[in-house]
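Good morning, and thank you for making time for this presentation. I shall take the structure region by region, and I ask you to keep the display in view as I speak.

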Amino acid sequence: MDQNEALKIIELIGKFKLSNEQKNILKEGIAHPTLVNACAGSGKTTIFMLTIIYNALIGNSRPHDVLGITFSKKAQLDMRERYNEYIKRVQILGINISDWGSPSFFTFHAFFYKLLRFYMPQYKTVSVLPSEYKHYITYFKLPNKSKELTNSESLKQIFEVKSQLVNRMLSSNGLDPNYNSTAIQDYLAMVEKKELSVEELISLVSDQYLNKGWVENYIYALKEYSSLKERNQQIDFEDMQKLLYVALNDERLQSKIKGAMMRRWNVIVIDEFQDINALQWALMNRIFSEKSFEQLMVIGDDDQSIYSFRGSSPDFIQKFSTFVNYSVTFNLSTNYRTGGNILDSVIPVITKNTLRLEKSLKAFNKGGKVYKIESKEGNHGDEFFEKMLKNLANSPNESSAILVRYNKDKPVIADVLAYKDVYLDVGSSSNILQNDKVYDVFMGLIKAFYYDDFILLANYANRIGFGKYAKKLKSVVRYRRINTITDYVNWVIGTNDDDVADDSDLEVIRCHRKFEKMKHKKEKDLSKYLREVDLITNLYFQCMTKIYHVYSSERVETIKNYLYKLTKKFSEFEELEESQDRNLRLLSAIVNNGNNLTDTKQPSIKLDTLHESKGLEWDNVYLYGLTDSDLTDDLMAISKAFPADTTFEEFYTLFNYSDLEDLMDYGSFDSMAYVLGALLGISPNACEMYFEDVYKLDDLQPSDRLKIIQSLSTEGMLSKMVEENTQLRTAMRMFYAEIMAHSKFVEDERRLLYVGMTRAKKKLYIDYYVGKASPLLDEIKYPNSFQN
């Protein structure tokens with residue numbers, strides 16, 4: 001069949017008219033290594049499936065010879081369903097497909113697992129742990145038991161650090177440094193050492209846990225987990241990729257697999273290529289030969305690369321032409337999903353990114369509305385949710401989604417809407433406010449003091465005075481049979497023994513007296529009760545957020561602020577408690593039953609994070625809670641001064657004294673001390689101590705400050721020093737890497753906002769928290785007629 005006839009059939013089965021961009025991809029897509037640079041809503045999966053069928057129609061390749069690889073099970077199933085749908089339409093047209101066969105669709109994990117079991121006999125009987133370390137959580141007996149954290153909380157911290165090290169390829173197992181890593185080599189040069197300890201390795205991703213007991217727990221947990229997996233012939237997803245990569249160091253095995261792959265599949269297609277990480281790309285190069293890569297097609301959108309926290313990087317799609325010889329690039333620049341006004345509003349945001357492939361963005365559909373809903377402290381979200389509910393009522397047959405930046409906002413949103421008789425499927429019981437640990441601390445202590453319940457107070461005592469105080473109160477419950485807080489306070493006061501009363505008791509006495517006074521006055525503002533509990537738990541939450549990092553400070557503030565707002569609406573604690581129990585009961589029923597409530601008509605609305613929304617679409621999207629908690633004006637200023645595409649040579653050539661002053665104003669940087677020390681001629685080991693608490697230039701001795709000004713202000717002086725001084729060059733490289741990490745974070749956040757906004761087909765509502773809104777929301781081009 002000739003190309004023109006095949007294109008006509010493709011339009012018949014696709015049920016749309018092909019654009020020139022789509023025709024070019026179909027005609028040339030597998031003639032060379034190909035990158036399809038496809039914008040949001042451009043039909044990436046559709047063009048993949050139609051490419052398979054088009055090449056079968058013209059006799060280039062059979063579907064049987066095509067391998068498609070993607071990242072999620074959902075995407076793999078979507079490929080299969082889409083392909084089968086098109087094949088049925090081909091058969092209706094009377095085309096003989098008896099010798100076509102079917103393409104192979106895999107996730108990366110499934111594909112690597114298949115190879116591991118087939119070519120490495122020792123792994124044929126191993127099974128994969130989907131829940132990873134949590135499968136063995138009861139087996140871990142940490143040598144240094146924390147008085148503040150549960151065993152599961154401690155293990156969560158440990159394995160998060162381990163995953164960061166593995167995903168960034170700083171270590172293969174979280175314990176042994178990867179000395180081929182540039183980051184590690186730079187660090188060793190800076191501190192003038194040849195080897196890294198485990199403590200130093202951990203410090204490359206986090207300096208939050210560096211105490212002897214925590215590191216001992218870390219080493220124990222990783223070794224114990226490895227031993228448990230080995231004994232039970234199990235591996236996790238990280239192991240799967242690592243084991244295959246190590247096995248393929250054997251050149252004979254590598255050659256054998258490359259030959260087998262070339263004989264089995266002629267065409268290789270990687271979907272969502274922007275999500276690939278360094279290890280996965282390295283494995284693809286060890287599995288497939290250069291000959292196989294001659295018919296490699298990768299499809300993706302660097303503007304939607306949003307999983308850097310998992311180790312994925314847009315570098316691979318942006319630099320594809322340097323990784324694969326003789327590759328060609330085709331663009332899909334038309335968004336068939338998002339209304340034109342919505343797309344026009346986000347184009348000024350995404351095009352500010354400096355690290356992106358050039359492509360025009362245009363909408364196929366006209367129209368679309370963007371609403372900017374402003375609110376201030378005290379009434380944040382009120383008008384936003386009112387407008388949302390009004391739109392839901394007016395558009396009952398349209399699909400809708402609330403998108404948030406972090407999971408912390410989900411429980412609050414679900415509770416807000418529950419009071420308006422809208423019950424969301426939050427997906428998991430952990431996303432129900434009443435199951436949240438932060439919520440539980442505040443509400444549990446209010447309840448204890450309100451009802452004068454000493455036994456309940458004892459259960460929450462570790463949130464007041466930590467483990468020591470909890471042990472004391474539980475002993476009082478057991479041996480003195482005290483049941484009320486009033487009796488406990490009287491007992492403590494009556495003993496006149498300093499060894500009995502401690503600081504935590506003084507706080508309990510103060511809080512108890514405040515509660516009793518308010519109850520006597522019949523205080524109707526329950527937020528005043530919350531304020532007292534807020535004071536008594538302040539030290540606990542400070543420790544949990546800033547020292548132990550069990551909770552984020554944003555999560556604590558989000559829940560606390562909501563409770564302040566909520567408690568103002570109730571005059572009786574019993575009423576508040578009853579309403580909260582009702583919300584818990586109904587939201588739990590939805591989660592457990594997997595469907596909406598039968599006794600009330602519920603609008604169709606989804607609650608997702610921006611990351612979860614990728615690949616999905618709705619008629620109406622509501623963006624909520626995008627604040628400046630992470631993305632500050634300081635970070636935006638750094639990104640503007642030093643864009644993410646700044647090279648190292650540009651960085652130190654253009655760097656001047658005012659830049660250093662500005663950066664110090666924005667905050668401290670780990671590598672700042674090394675740069676200043678190098679400029680002053682201080683040794684790397686001494687400079688960290690010298691500048692441990694002194695980052696401001698004004699705090700330096702006048703002579704030292706003058707020396708820095710001269711070296712950074714004299715034309716060409718710093719460049720010359722960097723070229724000649726190894727210590728300064730290494731310090732500047734570390735400083736550069738840290739600054740670039742901040743600039744790249746800003747670009748990551750732009751991509752995330754772009755993904756969220758392009759999920760909307762008809763209407764987009766944006767929550768704008770005046771004074772606290774994300775600076776990126778000011779980059780949006782709002783149509784004047786649709787604001788508020």
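I begin with the second largest pocket, where helix H25 supplies the largest share of the lining, 9 residues. Helices here are DSSP runs of H or I of at least four residues, strands are runs of E of at least two, and both are numbered from the N terminus. The space in this pocket comes to about 960 Å³. Of the 33 residues that line the second largest pocket, those closest to its centre are His380, Thr558, Asn561, Tyr562 and Tyr624. Helices H16, H17 and H25 are the elements that each give two or more residues to this lining. By character, the lining residues comprise 11 nonpolar, 9 polar and 13 charged. In this division, Ala, Val, Leu, Ile, Met, Phe, Trp, Tyr, Cys and Pro count as nonpolar, Asp, Glu, Lys and Arg as charged, and the others, Gly among them, as polar.

Some remarks on method are due here. The model is a predicted one, in which local features need pLDDT of at least 70 and side-chain atom pairs count only at pLDDT 80 or more, while totals for chains, interfaces and linings use all residues. Residues are numbered from 1 along each chain as its sequence is written, and side-chain values use heavy atoms, with hydrogens and water left out. The search for pockets and cavities uses a 1 Å grid over the protein atoms alone: a cavity is a set of points where a 1.4 Å probe fits but cannot get out, a pocket is an open set with protein on both sides within 12 Å along at least five of seven lines, and lining residues have an atom within 4 Å of a point. Grid points are joined across faces, edges and corners, and a volume is the space filled by probe spheres set on the points.

I turn now to the sheet. How many strands form it, and in what order? There are 5 strands in an open sheet, in the order S11-S15-S14-S12-S13, with parallel pairing; two strands pair if DSSP finds at least two bridges between them. Strands S11 (369-375) and S13 (605-609) stand at the edges with a single partner strand each, so one side of each has no neighbour in the sheet. From one strand to the next, the twist averages 20 degrees. Strand S11 is joined to strand S15 (residues 760-769) by 7 bridges, and Lys372 stands opposite Ile766 in S15.

Two of the helices that contribute to the pocket lining also meet this sheet. Helix H16 (residues 382-394) packs on it, touching S11, S12, S13, S14 and S15, and its direction makes about 170 degrees with that of S14. Helix H17 (residues 409-418) lies across S12, S13 and S14, running at about 135 degrees to S12. Contact means heavy atoms within 4.5 Å; axes are lines fitted to C-alpha atoms, for helices over the stretch in contact, and angles run from 0 to 180 degrees between N-to-C directions.

Next, helix H23 (residues 527-536): 7 of its 10 residues are buried, so the rest of the structure largely encloses it. Buried means under 20% relative accessible area, exposed over 50%, and partly exposed in between, with a 1.4 Å probe and protein chains only. The cover over the buried residues of H23 includes helices H18, H20, H22, H24 and H25. Helix H25 is thus named both in this cover and in the pocket lining.

A further covered element is strand S7 (residues 296-300), with 5 of its 5 residues buried. Leu296, Val298 and Gly300 lie on one side of S7, and Met297 and Ile299 on the other. Strand S1 (residues 34-38) runs parallel to S7 and is joined to it by 4 bridges, whereas S6 and S7 pair in the parallel sense over 3 bridges.

Which residues line the second largest cavity? They are Ile30, Phe48, Thr51, Ile52, Asn55, Ser61, Val66, Val267, Val269 and Met297. This cavity has a volume of about 50 Å³, and its lining includes no charged residues.

I close with Tyr326, which has a positive phi of about 60 degrees although it is not a glycine. Tyr326 lies in the loop between helix H14 (320-323) and strand S8 (328-332) and is exposed, with a relative accessible area of 76%.
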